[in-house]
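Hello,

Here is the structure I promised to pass on to you. Please open it and keep it beside this message as you read.

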Amino acid sequence: MLSRDARSSVVAAEIPRHHGQDPSSGEPELGIPTLSPTSLPGATFGRMNQDSDSSDEPTGQDPLRLLKTLQLLWTKNEIAKLKEEIRWGFAGLEDPLAGLLDMLENSSDWKGKGRSLGYYLTTELQLWIKEYPALQQSGSRLEKLQARVLGTLAQCPTNLLDPLISIYQLHTADRNCLLAHVSHLYHKGNYKEAAVLSMKLKLQPDQDVEKMCTPLLLQDKTNLVEDYVGEHPELQSKLLHILDTWCEPGFDIGDISRQYQGTFRYQPDKFNRKTLSKLIFRLLDRFNVDPALCPNVINQRHLRTLRYLFYKRFVEKTMTQENWTDHVQNTVGENQWLQGHLIQLLLRYCDLNTAARWAQRCNLPKETLPYEVADELQKLQIQERAEETKALNSEESKKKDYYQLPIPRANVHFLQTWEETLPCWEKVLQPGQVVGIDMEWKPSFGMVGKPRVSLLQIALKDEVFLLDLSQLLEEAELEGRKEKLLHFIQLLYSDPAITKLGYGMSGDLSSLAATCSALKDTDKQAQGVVDLLIVDKQLQKSSIDWRKGGRKVDVLSPEQSYKDGGCKQPEKGLSLLVQHVLGKPLDKTEQLSDWEKRPLREEQILYAASDAYCLLEVYEKLCKDPASFGLSSDLTESLVGKPSMKPRAKKQLNKQEVPSPSGQQCKASKTEPSHLPAPISPKEFSVICDNMLQGLGRYLRCLGVDVWILENEDDHRKAAEIARQEGRIILTSGLPYQTLRSQVAEGRCFSVNCSEKAKEQALQVLKHFNVRVSLADIFSRCQQVPGCHLPRG
């Protein structure tokens, strides 16, 4: 209990001092009288309840009379006066802590949510005690108050719990008493209140997590359960184990609900295996708990994966036998429960022979198998040999229907060490190089997270490099070469002198960034990238037109499309583009391979190499004859889109401007340079014409120019080799200009407008290089080449 002197000192501390009052003397400097507590504005309790006949030793004020005064101010919503009166009132009580309980016990307006009168009473007393710690109780008197406040805690809203626990120092109370009180609440069916109070008093380690959490789960209070175990890893594991037992076959949640008072209204649909699985996986992720603690739900997820794999293989028919086998083996593992379900699915979708093969592979005891499967095991060895022969013949027959890698198998290199990659980088990182790039990763089948690249394929004209990226990154990390490896990858993408071909490159680069965070900005730094997905879209737009033009595509016959008794899915994506341009689609049956498993099968290696190499062949064919595919004569316009410009009258182009793969315009030499070179005769002018300018080459020959013309099957890069060896000028057009000009000296490569006729092209070239043609030059050449005519204009 506070002494009268102590309360007086507290009251004095609460009295706001008027302006001009001397704090040391207590007397006003300007003649203002000293205020007593009863004269303070708003101190209604002191004024209304002070006894005029009080003796020199007045007793403490009555808490219930104070409550009535405060209720009056509360109904008037005078919050400022209310807070002031609360302070005055507590200062006038002999025992403020007991007085608070008196007021709470005799009032009901504090039990609602939000800021009630009880909330202001409690929080103001809490603040007051923090300012004046001497007001705190101790010993047996505190124990009595603690026992008394527990009854109030059972009824009060959540926002009063922390203040009351602080005021009555419940963290120092007897733990057994607290547990007993919570248990009393629990057995009355107040499960939520018992759990909240347990968390506030930190009683969870001494409680049965199953007993506390089960009724809350039945009442759909999952968030409260998560908070209850949130700071206790041991309880998290126990909770997940409990939830997992609810996923056991044959489990009935109704048996559990009957044990708990007030949970008869639970919703059974919230406790089916699918809903429980989602909850368990979310908690596993949140608490970072070992999934092995939940074998039932893990088995259920694997069973769903198993059913999905059967759907992909036997209904959609979009997975090869090898890929399907790998994924099934990884899913089932050594789990006998899953192996049993596998046999049942095999009997449903396949035949006895297949089921018997898997029973043998899983080493299942005969007594656990259905009778017909066990009987089939007797005939298995002979049938295995027959199946292997049949499968081999089937694979060979498929080759004629699909695109085949045109380079020898020996030119496909699988690289797993840093030393093995060095020749690759030396060949790839050459100015003017054209490379096809693709990536492979393990299919996720709906699992969370971005895929991590397992294999990076880089195709050149004569060979393909398959980089085992996961192994290379792991080795580089251990040997301190990670920065070097990443530097080469970044250099490949950022070098504008190297043309990178891809299909849907943004997706590949996103997966590359997910594989290694240091490569996250590769897409922003990439230059010289040609995404053939844009060509695919152009072809789709113009497909009707060029089909009308008579172009034929070698498509699979109906008999081939319906092999194995099922309908083959139509080609799409890169496979469809390859079919349009090269005549045959890609065989995508290895697409869903497990690309993380080592060693890779031979079929996987050939598939990966073909996926990258076909980009080179598609690009080359489109460059040579874009018009036959419905594309513009300048293929780069189809690749990157035309720059926006105002319409203008049709006229001859005076500037050589070719859009680069990045979409920027690369300007060649102007038709009318500011300083023309010295005039030369045709005999002094030697050129090499790219194979798409054969008409120009023949025309220049008629004018006496020394011309070398590439054949149709020649690669564009051959022009640069000959130009360097013989000192010739390269005449080219379109996208190859970007590649070739980087391989010769400045001014030694000229881009011709291929939309013009040969005569106009020739005049453009002669004017640019200041070649003076005489009749003697023309006649001397025309004696050898019939049909030449002197150009006019």
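In what follows, a residue is called buried if its relative accessible area is under 20%. Please also bear in mind that this is a predicted model.

Let us begin with strand β2, residues 434–441. Seven of its eight residues are buried, so β2 is largely enclosed by the rest of the structure. Which strands pair with it? One of them is β3 (residues 453–459), which runs antiparallel to β2 and is joined to it by six bridges. There you will find Trp441 opposite Val453 of β3. Strand β5 (residues 499–502) is parallel to β2, with three bridges between them. Val434 has Thr499 of β5 as its bridge partner.

Further along the chain there is an open sheet of four strands, with parallel pairing and the order β10-β9-β11-β12. Why do β10 (706–709) and β12 (749–751) each have one side without a neighbour in the sheet? They stand at its edges and each has a single partner strand, so nothing in the sheet lies beyond them on that side. On average, neighbouring strands here are turned by 25° against each other, direction ignored.

Within this sheet, three bridges link β9 (residues 686–689) to β11 (residues 729–732) in the parallel sense. Ile688 is paired there with its bridge partner Ile730 in β11. Helix α32, residues 694–702, packs on the sheet and touches β9, β10 and β11. The direction of α32 makes about 155° with that of β10.

Happy exploring, and best wishes!

Key. Residues numbered from 1 in each chain as written. Predicted model: local features only at pLDDT ≥ 70, side-chain atom pairs only at ≥ 80, totals over all residues. Heavy atoms only, no water. Buried < 20%, exposed > 50% of the residue type's maximum accessible area, 1.4 Å probe, protein only. Helix = DSSP H or I, 4+ residues; strand = E, 2+ residues; numbered from the N terminus. Pairing = 2+ DSSP bridges. Axes fitted to C-alpha atoms, helices over the stretch in contact; angles between N-to-C directions. Contact = heavy atoms within 4.5 Å.
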